[in-house]
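Here is a short tour to follow with the model open beside you. Take it one topic at a time, and find each residue as you read.

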Amino acid sequence: MKILTANRLSDGRVIYAGVTGRPVSSFGQAARFVGEAADRALERALLEPSEFVGPYLVNVEVHGPSGRDRLKETIRARGPTVGHSLDHA
C-alpha cells in the first residue's frame with residue numbers, strides 16, 4: 001500500500017493526495033493506493049505543479065510509513081527535530 005506525498009507550493013508544508021485527488025494536510029486523510037493506482041496518482045500529481053511540489057510515493061502500513069522511508073517521512077510530517085532547543089538563552 002502506498003500514499004502520495006509532496007510539498008505545498010505556497011508555504012512548503014507537507015501534503016498528501018486525498019481520496020478525491022486534492023491535497024490534504026494530514027497523514028490520516030491521505031488516500032491509500034495499491035498497484036498501478038499508485039502510479040496513476042503520481043502521474044496526475046506531476047501534472048499539477050501548482051498543487052504538488054516534488055510528489056513521490058511512500059510505502060505505508062495502516063498507522064504510518066513503513067520500510068526505509070519511515071524515519072524520513074515521520075520527520076517530514078511532524079516538522080524539524082530541533083523543536084525549541086535553540087530558543088534557550
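Start with one pair of residues: Leu-4 stands opposite Leu-57, which belongs to β4. Keep in mind that this is a predicted model. The protein contains two helices and four strands, and from the N terminus on its elements follow the order β-β-β-α-β-α.

**How the strands line up**

- The four strands make an open sheet, ordered β3-β2-β1-β4, with antiparallel pairing.
- The edges of the sheet are β3 (23-24) and β4 (53-59); each has a single partner strand, so one side of each has no neighbour in the sheet.
- As a bit of background, strands of a sheet pair through backbone hydrogen bonds, and the pairing can be parallel or antiparallel.
- Five bridges link β1 with β4, and these two strands run antiparallel.
- Three bridges link β1 with β2, again antiparallel; in this pairing, Thr-5 has Tyr-16 of β2 as its bridge partner.
- Two bridges link β2 with β3, which also run antiparallel.
- Tyr-16 turns up here as well, with Val-24 in β3 as its bridge partner.

**A turn and a helix**

- β1 and β2 form a hairpin, and six residues lie between them.
- Look for Gly-12 in that turn, where phi is positive at about 80 degrees.
- Which strands does α1 touch as it packs on the sheet? The helix α1 touches β1 and β4, and its direction makes about 170 degrees with that of β4.

**What sits inside**

- The largest nonpolar core has 11 residues, and both members of our opening pair, Leu-4 and Leu-57, belong to it.
- Other members of this core include Ile-15, Phe-33, Ala-38, Ala-45 and Phe-52.
- Three elements each supply at least two residues of this core: β1 (2-7), β2 (14-17) and α1 (36-46).
- Which element gives the most to this core? The answer is α1, with three residues.
- A second, separate core has eight residues, among them Tyr-16, Phe-27, Ala-30 and Val-60.
- Ala-45 is a good residue to click on: leaving aside neighbours within four places in sequence, Ala-45 is in contact with Leu-4, Phe-52 and Pro-55.

**A look at the beginning of the chain**

- Met-1 lies in the segment before β1.
- Is Met-1 buried, partly exposed or exposed? Met-1 counts as partly exposed because its relative accessibility is 45%, and the partly exposed class lies between under 20% for buried and over 50% for exposed.
- Not counting residues up to four places away in sequence, Met-1 touches Arg-32, Phe-33, Val-58, Asn-59, Val-60 and Glu-61.
- Two of these names may be familiar: Phe-33 is in the largest nonpolar core, while Val-60 is in the second one.
- Met-1 and Ala-38 are 37 residues apart in sequence, and their C-alpha atoms are 8.4 Å apart in space.

**The protein as a whole**

- Of the protein's 89 residues, 30% count as buried.
- The protein exposes about 6,100 Å², and carbon and sulfur atoms supply 54% of this area.
- Take the contacts between residues at least 6 apart in sequence: 58% of them join residues at least 24 apart.

Methods:
Residues numbered from 1 in each chain as written. Predicted model: local features only at pLDDT ≥ 70, side-chain atom pairs only at ≥ 80, totals over all residues. Heavy atoms only, no water. Core = buried A, V, L, I, M, F, W, Y, C linked by side-chain atoms within 4.5 Å. Buried < 20%, exposed > 50% of the residue type's maximum accessible area, 1.4 Å probe, protein only. Contact = heavy atoms within 4.5 Å. Pairing = 2+ DSSP bridges. Axes fitted to C-alpha atoms, helices over the stretch in contact; angles between N-to-C directions. Areas by Shrake-Rupley, 256 points an atom, 1.4 Å probe, with all protein chains shown as cover.
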